[in-house]
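I open a fresh page for this chain. I want to go through its helices, its core and its rings, one entry at a time.

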Amino acid sequence: MAVHVAVRVKTSPAVRAVLIFSLFLPLLTIAGGVLGGQSLATSPLFSADRLLAYIRTLSSNEFEGRGPGAKGEEVTIAYLQKQYRDLGLEPGNPDGTYLQAVPLVGTRPDPNMKLTFTGRGKTMQLAFEKDFVAQTRRTVDSVHLDADMIFAGYGVQAPEYKWDDFKGVDVKGKVIVVLINDPPVPDERIFGGKAMTYYGRWTYKYEKAAELGAAGCLIVHETGPAGYPWDVVRDSWSGEAFNLVSADKNMHRAAVEGWITHEQAQMLFRAAGLDYETEKKKAVSADFHPVPLGMKAQLEIHNALRTIQSHNVIAKRPGSDPSLKNQYVIYSAHWDHFGIGPEVNGDKIYHGALDNASGSAALLEIARAYAQLKPENAPKRTILFLSVTAEEQGLLGSEYYAEHPLYPVARTAANVNMDGMNVWGKTKDITEIGKGKSTLDEVVAEVAREQGRTVRTDPEPEKGFYYRSDHFSFAKVGVPAFDPDSGIDFVGKPEGWGLKKRDEYTANDYHKPSDVIKPDWDLSGAVQDCQLYFLVGYRVADAIREESLRSGK
């Protein structure tokens, strides 16, 4: 079986220039079966005890929630460097260090801000965190908002679907109110059916608002289409926010970006003489036109600003082939979480045990496996182990690496990203987020078959996970990216048990201090997945080179 590694991505406005990716990299022919002596029988052994020990350390109080620019970062990156060094892996930065500096600007808004809606003889005052969250991405001390509001449906302009929620209406200087996710049209040929496209992501809504010159953008939160409850938004948006340092100080962004609760949106529409549910239904049509609300939004945001140097941590295992060692396979996982934040049930440390101490633990365990390979079994291409910062702030560390790569992306054969490992036991399947977007699919399927497992598509495609993890930064620049997730068909468990565990985690622990090691954790599934990730990356790294090139847009 020959596998030609390339990438295919569904229409994504943020990456319009790379709708069909090509590497300008020699195509990789991966022969079926054993490569370089590595099969299930001969692959390195992975340890649940070591994984748990890594997670316990990284999620401990000493690491203070691994917040960028805080003590938690200092402790975390020192720990990761020591682990890589102790494994005998070389520094990954060509300057001889294990670090890549990532310049970030932090903005901490004054929590005493109040959002006011006025008009039609009515006034609404919304409380920060309870009713709304807002920030400015601009690197300024303060912004003042006093602008007319307009409901813009889902805030989407998708010419390939003949969809335009704006219909030429000028929203410059206005505040647009938009719905989260894609328009849920019944025709699955439009917006990919149940699966979220990039048009549905909150990041797209703000990008479109800025592109059209809007003064602000408020997204209406609803748990179902957002994929997470309000307290996740509240906790993620109420503290310090980071952005990559920008030459224009992010003045190209809308002045205000924020969310309002479903309840406040309903009240706003009633104040405007409209019914929220009726207008929402109208928005699920290509014939939708923006609706002026006859209301003004007023808000002042005062920021405390600071500029920091955060860090990606990178190590490498050089390839064994004299010519192919200058090509690369990157394993990645984000080391960061939310640090110290709002207290919940007596705890202010956001431990992030599953998200993503577990992924960082898997990265270290896979790094150990490569480090212990005998020279005759080393893959032809160089393996990079990349621990990225500020994923929780919007994939910033991986975005910075993709834009400022230490090794050319044109010679990067694949990325295998780990974001939240399976902590509930062995599965009969493995989930591949974005299945069909990369021909790494065939390598994944081959290894899974050898494990006696099946590869399934994302069981929750409406949540848009493909756009929410660090592999996306690599996919945007043309690197074939494998974004795995745990399976849902657990050995010895009834049907539906796996999805129930996911839902419980999202509702109770996701982005909360309670994301800690639980008594019922069973890391045999994480061991199973580490083996799969190792073999997928190894087979790409050890593949035979073809002398043909593939090009395209």
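**Helix α6.** I looked up which residues of helix α6, residues 262–271, are buried. The buried ones are H262, Q264, A265, L268, F269 and A271. I then checked the backbone just after α6 and found G273 with a positive phi of about 80°. I note here that the model is a predicted one.

**D131.** I turned to D131, since Q264 is among the residues it touches. D131 sits in the loop between β7 (122–127) and β8 (132–135). Is D131 buried or exposed? Its relative accessibility is 7%, and the cut-off for buried is under 20%, so D131 counts as buried. Setting aside residues up to four places away in sequence, I listed what D131 touches: Q125, L126, W230, W259, I260, T261 and Q264. I also took one distance. D131 and L115 are 16 residues apart in sequence, and their C-alpha atoms are 9.1 Å apart in space.

**M113.** Next I looked up another loop residue. M113 is in the loop between β5 (99–109) and β6 (114–119). M113 is buried, at a relative accessible area of 6%. Which residues does M113 contact, leaving aside neighbours within four places in sequence? I found F128, F132, A134, L299, E300 and I301. For a second distance I chose P68, which is 45 residues from M113 along the chain. The C-alpha atoms of the two are separated by 25 Å.

**Aromatic pairs.** Two of the M113 contacts, F128 and F132, are aromatic, and I went on to the rings. Searching the whole structure gave 31 aromatic pairs. F128 and F132 have ring centres 5.6 Å apart. Their planes stand at 65°, and over 60 counts as edge-to-face, so I logged the pair as edge-to-face. Both partners are buried: F128 has a relative accessible area of 10%, and F132 has 0%.

I then looked at Y331 and F385. This aromatic pair is stacked, with 6.1 Å from centre to centre and 15° between the planes. Where in the chain do Y331 and F385 lie? Y331 is in strand β17 (residues 328–334) and F385 is in strand β20 (residues 382–388). They are 54 residues apart, and the pair links distant parts of the chain. Y331 is buried at 0% relative accessible area. F385 is buried at 0% as well.

I also noted a cluster. Ring pairs join Y161, W163, F191, Y198, Y199, Y204, Y466, Y467 and F472.

**Nonpolar cores.** How many residues are in the largest nonpolar core? I recorded 138. Y84, F117, W259 and Y331 have the most contacts inside it. Helix α8 (residues 353–371) gives the most to this core, with 11 residues. Apart from it I found another core, of 11 residues, including I314, Y407, F474 and V479. I listed the contacts of Y84, not counting residues up to four places away in sequence. Y84 touches L89, Y98, V313, A315, L363, L364, A367, F385 and S387.

**S358.** I stayed with helix α8, where S358 is found. S358 is buried, with a relative accessible area of 1%. Beyond its neighbours within four places in sequence, S358 is in contact with I55, A353, G420 and M421.

**Helices α1 and α2.** I looked up how α1 (residues 48–58) packs on α2 (residues 71–86). The angle is about 155°, and the axes are 11 Å apart. That makes α1 roughly antiparallel to α2. On the α1 side I noted Y54, T57 and L58, which meet T76, Y79 and Q83 in α2. How do the residues of this contact divide by type? I have 3 nonpolar, 3 polar and no charged.

**Helix α10.** My last lookup was α10, residues 441–450. Its buried residues are D441, V443, V444, E446, V447 and A448. What covers them includes the strands β22 (429–433), β23 (454–456) and β24 (481–486), and the helix α13 (524–541). Just after α10, G452 takes a positive phi of about 75°.

Notes. Residues are numbered from 1 along each chain as its sequence is written. This is a predicted model: local features need pLDDT of at least 70, side-chain atom pairs count only at pLDDT 80 or more; totals for chains, interfaces and linings use all residues. Side-chain values use heavy atoms; hydrogens and water are left out. A nonpolar core is a set of buried Ala, Val, Leu, Ile, Met, Phe, Trp, Tyr and Cys residues joined through side-chain atoms within 4.5 Å. Buried means under 20% relative accessible area, exposed over 50%, partly exposed in between (1.4 Å probe, protein chains only). Helices (H or I, at least four residues) and strands (E, at least two) are DSSP runs, numbered from the N terminus. Contact means heavy atoms within 4.5 Å. Axes are lines fitted to C-alpha atoms, for helices over the stretch in contact, and angles run from 0 to 180 degrees between N-to-C directions. Angles under 35 degrees count as roughly parallel, over 145 as roughly antiparallel, 65 to 115 as roughly perpendicular and the rest as oblique. Ala, Val, Leu, Ile, Met, Phe, Trp, Tyr, Cys and Pro count as nonpolar, Asp, Glu, Lys and Arg as charged, and the others, Gly among them, as polar. Rings of Phe, Tyr and Trp (its six-membered ring) pair if their centres lie within 6.5 Å; planes under 30 degrees apart count as stacked, over 60 as edge-to-face and the rest as tilted.
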